[in-house]
Amino acid sequence: NINNNNIINGNLIEASQSTPIVRVVSYNILADVYESQELFDDKKPRHADFGDHFKRSHRFPMILSELLAYNADIFCLQEVDEFIYDTFLRPSLNAMGYGSFFGKKMSLQKEGCAIFWSTHKFQAHSLQTYNIGQLFDE
C-alpha cells in the first residue's frame, strides 16, 4: 500500500494532501441481450469452452468484485441490462456507499449506461438522460 502516491504511466508520483484525487473507472459489462456464444465462436480457441462463464450467476459476482477492487470514486458502466441494474448492481453498490443513476438506451433494447458515485465524495443534484441525437440540430 503506497500512501499519498499514485502510479501514472509507470511513474510514481507523490500527491500532496491538498490535491483532490478522483478515480474514475469505465467498464463495458456486456448486456445479456448481446451475450451469446455464437458471437465468439469464430474467435475462441478450439480447446476453449465458455460453458457457464456467460451466465449471470457467474459473470456478475466477478464483475462486481473487479469493480470494487478498483476502489473508484466514480464508475461509468456501459451495456448494463436494466434488470441487472435494478436487481444486482444498484442494491450491491448502494450498500457499498455508492449513489447511482441508470439511463436507458433510446431503443427497444432494455439496456443502457449506469453511473455510480461515492456518496462520501459526491452528491447528485440533477440527473437526466439525453439521446445524443437530441443534442445536435439536424
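## A tour from the core outward

Begin in this predicted model by selecting Ile29, Leu67, Phe75, Leu77, Val80, Leu89 and Phe116, which, of the 19 residues in the largest nonpolar core, touch the most other members. If you then colour by element, you will find that two or more residues of this core come from each of strand S3 (24-28), H2, S4, helix H3 (82-95), strand S5 (98-104) and strand S6 (111-118). As general background, nonpolar side chains in soluble globular proteins tend to be buried together.

Next, centre the view on Leu67 and display its surroundings. Leaving aside residues up to four places away in sequence, Leu67 touches Val25, Tyr27, Phe75 and Leu77, and of these partners Phe75 and Leu77 are also among the core residues that you selected at the start.

Now select strand S6 and look at what encloses it. Six of the eight residues of S6 are buried, so this strand is largely enclosed by the rest of the structure. Strand S4 runs antiparallel to S6 and is joined to it by six bridges; to see one position of this pairing, show Leu77, which stands opposite Ala114 in S6. Strand S5 also pairs with S6 in the antiparallel sense, over seven bridges, and here you can show Ser100, whose bridge partner in S6 is Phe116. Follow the chain from S5 to S6 and you will trace a hairpin that joins them through six residues.

The cysteines make a useful next stop. The structure holds zero disulfides, and Cys76 is in none, with the nearest cysteine sulfur, that of Cys113, lying 8.7 Å away. Why is there no bond from Cys113 to Cys76? The sulfur of Cys113 is 8.7 Å from that of Cys76, its closest cysteine sulfur, and this is too far for a bond. As for accessibility, Cys76 is partly exposed, with a relative accessible area of 26%, and Cys113 also counts as partly exposed, at 44% relative accessibility.

Finish with two backbone positions, selecting Asn71 and then Glu79. Asn71 has a positive phi of about 50° although it is not a glycine, and it lies in the loop between helix H2 (56-69) and strand S4 (74-81). Is Asn71 buried or exposed? At 55% relative accessibility, Asn71 counts as exposed. Glu79, which is likewise not a glycine, has a positive phi of about 55°, but its place is within strand S4, where Glu79 is partly exposed, with a relative accessible area of 22%.

Technical notes:
Residues numbered from 1 in each chain as written. Predicted model: local features only at pLDDT ≥ 70, side-chain atom pairs only at ≥ 80, totals over all residues. Heavy atoms only, no water. Helix = DSSP H or I, 4+ residues; strand = E, 2+ residues; numbered from the N terminus. Buried < 20%, exposed > 50% of the residue type's maximum accessible area, 1.4 Å probe, protein only. Disulfide = S-S within 2.5 Å. Core = buried A, V, L, I, M, F, W, Y, C linked by side-chain atoms within 4.5 Å. Contact = heavy atoms within 4.5 Å. Pairing = 2+ DSSP bridges.
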